Structure formats: C-alpha cells, structure tokens
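Colleague: Please take one part of this model and go through it slowly, with each term explained as it comes up. I would rather follow one connected account than a list.

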Amino acid sequence: MKEVDYIIVGFGLAGMAYAEVCEQSQKTFVVIDKEVENASRVAAGLYNPVILKRYSLPYKALEQFDKALVFYKKMEEKLGVTILSDLPVRKVFYNIEDQNNWFTASDAIGLNRFVNSTIVKNTTNVVRAPFDFGEVAETGKLDVVKLQGSFKKYLENKNAFAKASFNHSDIQFKNNHVIYQAYKAKHIVFAEGFGMKSNPFFAKLPLVGNKGEYIIIKSPLLKLDAAIKSSFFIIPLGDNLYKVGATYNWTDKDWFFTSIARKELEDKLSELVTVPFEVVGQIAGVRPTTGDRRPLVGIHPKYDQLCILNGLGTRGVMAAPMFANCLFNLIENKEPLLKEIDILRFPKKLS
Ligand SMILES: Cc1cc2nc3c(=O)[nH]c(=O)nc-3n(C[C@H](O)[C@H](O)[C@H](O)COP(=O)(O)OP(=O)(O)OC[C@H]3O[C@@H](n4cnc5c(N)ncnc54)[C@H](O)[C@@H]3O)c2cc1C
C-alpha cells in the first residue's frame, strides 16, 4: 500500500494547480485521471481579466490574475517548457456609445490597469470593425495541452500519476485517513470539473455546467496577430489556424460537437471577416459553471477527508492557482475560506 498526503482526482486546470501547490509544499500525492471529458484541453487558454460584455472585472480578478501569472511562470521553469505567450485581446466596437463606455472603463479604478484608452485603428480591414478596437493590456494565452502533457510526464516519472476512472464506492473511511484501492491517503481532493455530477458526496452542489464549442478554421488571408472579440472570439493558433467561438449552451451537458453550433459560428464569422476561411475542426466541452459565479471549494462537513476544488467557470486559467492555494491553506493551516467560495454556503446540498 502506498501512503500519500493526497489523492487528487482530475488533472484539468484545477487538479494540476492543486498538484503543483502540493509539490511546492513537499506534500506527497497521486493524481488519478480518466483522461476524457476534460474542459481544460478544449479551452483556448486565454487569460483576460476584463469581462468584455460589461466592461467589468470578475470576482477577485486582480488577486487571481497576479497569482496566476507567477504560478505558471514557475511551472514553466520547473518543467522546462514555454507555456505562456503574450496575446493582445482586441474588442470590436459596435458604435460610438460602445467606444464611450470603453473610455469610461479606462478611468475606473482596477479596470484602468487593463483597459487601454488608446483606440486601435482597423488598418487591415480583414475584420469588419468600422468603429475600430479597444485593446486589453497584459493578456495572453496558456498552452494548457502542453502544460498537461509535460506535467503528466513529470509526475509519471515520480510514480504520481495514474490513468484510471476513480470509483467513489471504493473509498474506505478510517479515523484520520482513507484507503482507496492501493493507496492510503490523508485527504482526497476532487477536481473533477463537470464530472462532479457523478460524485455521490458532492453531486448535489449547484454546478450548473455550460457547454461550449469552437470551430477551428484555416484562413491564410486573415493574418491576425491578436485575439479578436466581438460576440465571440477569433484566437490565432499559428500556421493560419484560428479557434473561433465559443458558444454558450445552458441546456446540453454532453461533450459532443454539433452541426448547430458549427453553423452558428460559421454564420457569425462570415459576418465579421471579409476574407475566406475553411472549417478544419470542431471541439466541445462543458465549463464547470455555478449559479452564483463563485467556485466550489472546501471540505465535506461529514467526511472531513474529502475536499473539493471545482466551479472554476469560464476563466479556469486565472482562477485555478488562487483557489488551489485557498483550499491548501484551509486543509493544512486551518485558514478560513472566503465565505463566498466555501461549499458550506450550500449546507442542504451536502447531507
Ligand atoms: C469551449 C471552452 C472554452 C474555454 N475557454 C477558456 C479560456 O480561454 N480561458 C479560461 O481561463 N478558461 C476557459 N474555459 C474554462 C476552463 O476550461 C475551465 O474553467 C477549466 O478547464 C476547468 O478545469 P477543471 O480542472 O475544473 O475541469 P476539467 O478540465 O474538466 O478537468 C476535470 C478532469 O477530471 C477528470 N475526472 C472527472 N471525474 C473523474 C473520475 N471519476 N475519475 C477520474 N477522473 C475524473 C476528467 O476526466 C477531467 O480530466 C473554457 C471552457 C470551454 C468549455
């Protein structure tokens, strides 16, 4: 039997962040992941601290943002890979009022760090943007697939990664630890993304889920060096390829891409760009969103060996490092959680 401090279930952004926090504090762990239905692999990996629909900041945006960049830079050094890249995000203005709202945002405390008051002229006209663009500062992209691949290899070399489906009914509860198959662990951290819906200990928590789809297009004439945001994103991938999307679907909760989403995105893209493109791929995933837009972090009130890190929503890249640290500090140092992220805000869902 292998003894560890933690079993971490799930190796998306949440599980990876928790594993890294454990590494930094010399805690022992094993990651178990079934390697299917992983929203993190589908994500474009953009980090952009401004909500471009409303020109506002998400919950704890500054804390999340500053922590995340330092965190991933450390991972780059440790794993010897480049996973962060700068990528400007340009918002298409629809009219003069939209431009004025942008200027107002560029003066607001907090937002002024990111909302550039200088308008970026639409010089190439490959995108229909008669009112030009606003540019967000300090934005970029995390190569999530590369991070996952290199971190997995690193953990495999330490015998700390297992590809398997975690079976919740195999947990044996002991006084201050659990036995799970060949492991004895002090804690289990569930970082299962939307897979939480099959976790009998946490399934009732209000993880709503939102399905998103991208089409991948090839367009040699588009030549964008920034991510463009209108009602959807166009994100350059290199080699004339772009991710276009994503859709937001609150009804479907499966992981299959659809012809409806493809048509929606193709139609919107045809309206926005003036050059031809070819659809060469499509992907879909379910974002682990919550009704109150706050993550689900904490320790189960009845089974105190069981912990959760979930509900990272639409901005997992920025959110994962901060909330992984919050959970770790709760478990190891008894540091109380912010009430609004603590799962204990839903006592009736944890019986
Ligand atoms: C289309 C789309 C675009 C997005 N774009 C961005 C973006 O640009 N920037 C951004 O910051 N965020 C983006 N997001 C959101 C981001 O993807 C999520 O916030 C984040 O990936 C959630 O990470 P997670 O680790 O909680 O879940 P996941 O990445 O879904 O990982 C959960 C893992 O747990 C595993 N698992 C579940 N149950 C079990 C079990 N019983 N046994 C073993 N393993 C199990 C799954 O296989 C999976 O690997 C996007 C999401 C989507 C769908």
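Modeller: Let us start at Lys60, which lies in the loop between strand S3 (46-47) and helix H3; helices (H or I, at least four residues) and strands (E, at least two) are DSSP runs, numbered from the N terminus. Residues are numbered from 1 along each chain as its sequence is written. This is a predicted model, in which local features need pLDDT of at least 70 and side-chain atom pairs count only at pLDDT 80 or more, while totals for chains, interfaces and linings use all residues.

Lys60 has a positive phi of about 50°, although it is not a glycine. Most residues other than glycine have a negative phi.

From this loop we move to H3 (residues 61-79), which packs with H7 at an angle of about 85°, their axes being 8 Å apart. Axes here are lines fitted to C-alpha atoms, for helices over the stretch in contact, and the angles run from 0 to 180 degrees between N-to-C directions. The angle makes H3 roughly perpendicular to H7, since angles under 35 degrees count as roughly parallel, over 145 as roughly antiparallel, 65 to 115 as roughly perpendicular and the rest as oblique. On the H3 side the contact is made by Glu63, Gln64, Phe65, Lys67, Ala68 and Phe71, and on the H7 side by Val317, Met318, Ala319, Pro321 and Met322, where two residues are in contact if their C-beta atoms, placed from the backbone, lie within 7 Å. Sorted by class, the residues of this contact are eight nonpolar, one polar and two charged; Ala, Val, Leu, Ile, Met, Phe, Trp, Tyr, Cys and Pro count as nonpolar, Asp, Glu, Lys and Arg as charged, and the others, Gly among them, as polar.

H7 (residues 316-333) also meets helix H1 (residues 13-24), and there the axes come within 8 Å and cross at roughly 45°, which makes H1 oblique to H7. This crossing is right-handed; a crossing is left-handed if the near helix is turned anticlockwise from the far one by less than a right angle, and right-handed if clockwise. H1 contributes Leu13, Ala14, Ala17, Tyr18 and Val21 to the contact, while the residues from H7 include Gly316, Val317, Ala320 and Pro321. The residues of the contact of H1 with H7 are 11 nonpolar, two polar and no charged.

H1 has a further partner in helix H5 (residues 144-157), with axes that come within 11 Å and cross at roughly 45°, and H1 and H5 are therefore oblique to each other. H1 passes H5 in a left-handed crossing. Leu13, Met16 and Ala19 in H1 meet Val144, Leu147, Gln148, Phe151 and Leu155 in H5, a contact with seven nonpolar, one polar and no charged residues.

Finally, H1 and H7 are among the elements that each supply at least two residues of the shell around the ligand. Of the 41 residues around the ligand, Gly10, Gly12, Gly193, Gly195 and Gly316 come nearest, a residue being near if its C-beta atom, placed from the backbone, lies within 6 Å. The shell divides into 19 nonpolar, 15 polar and seven charged residues. Domain 1 (2-45 + 144-206 + 292-350) and domain 3 (210-287) each give the shell at least three residues, and these domain bounds come from an automatic or database domain assignment.
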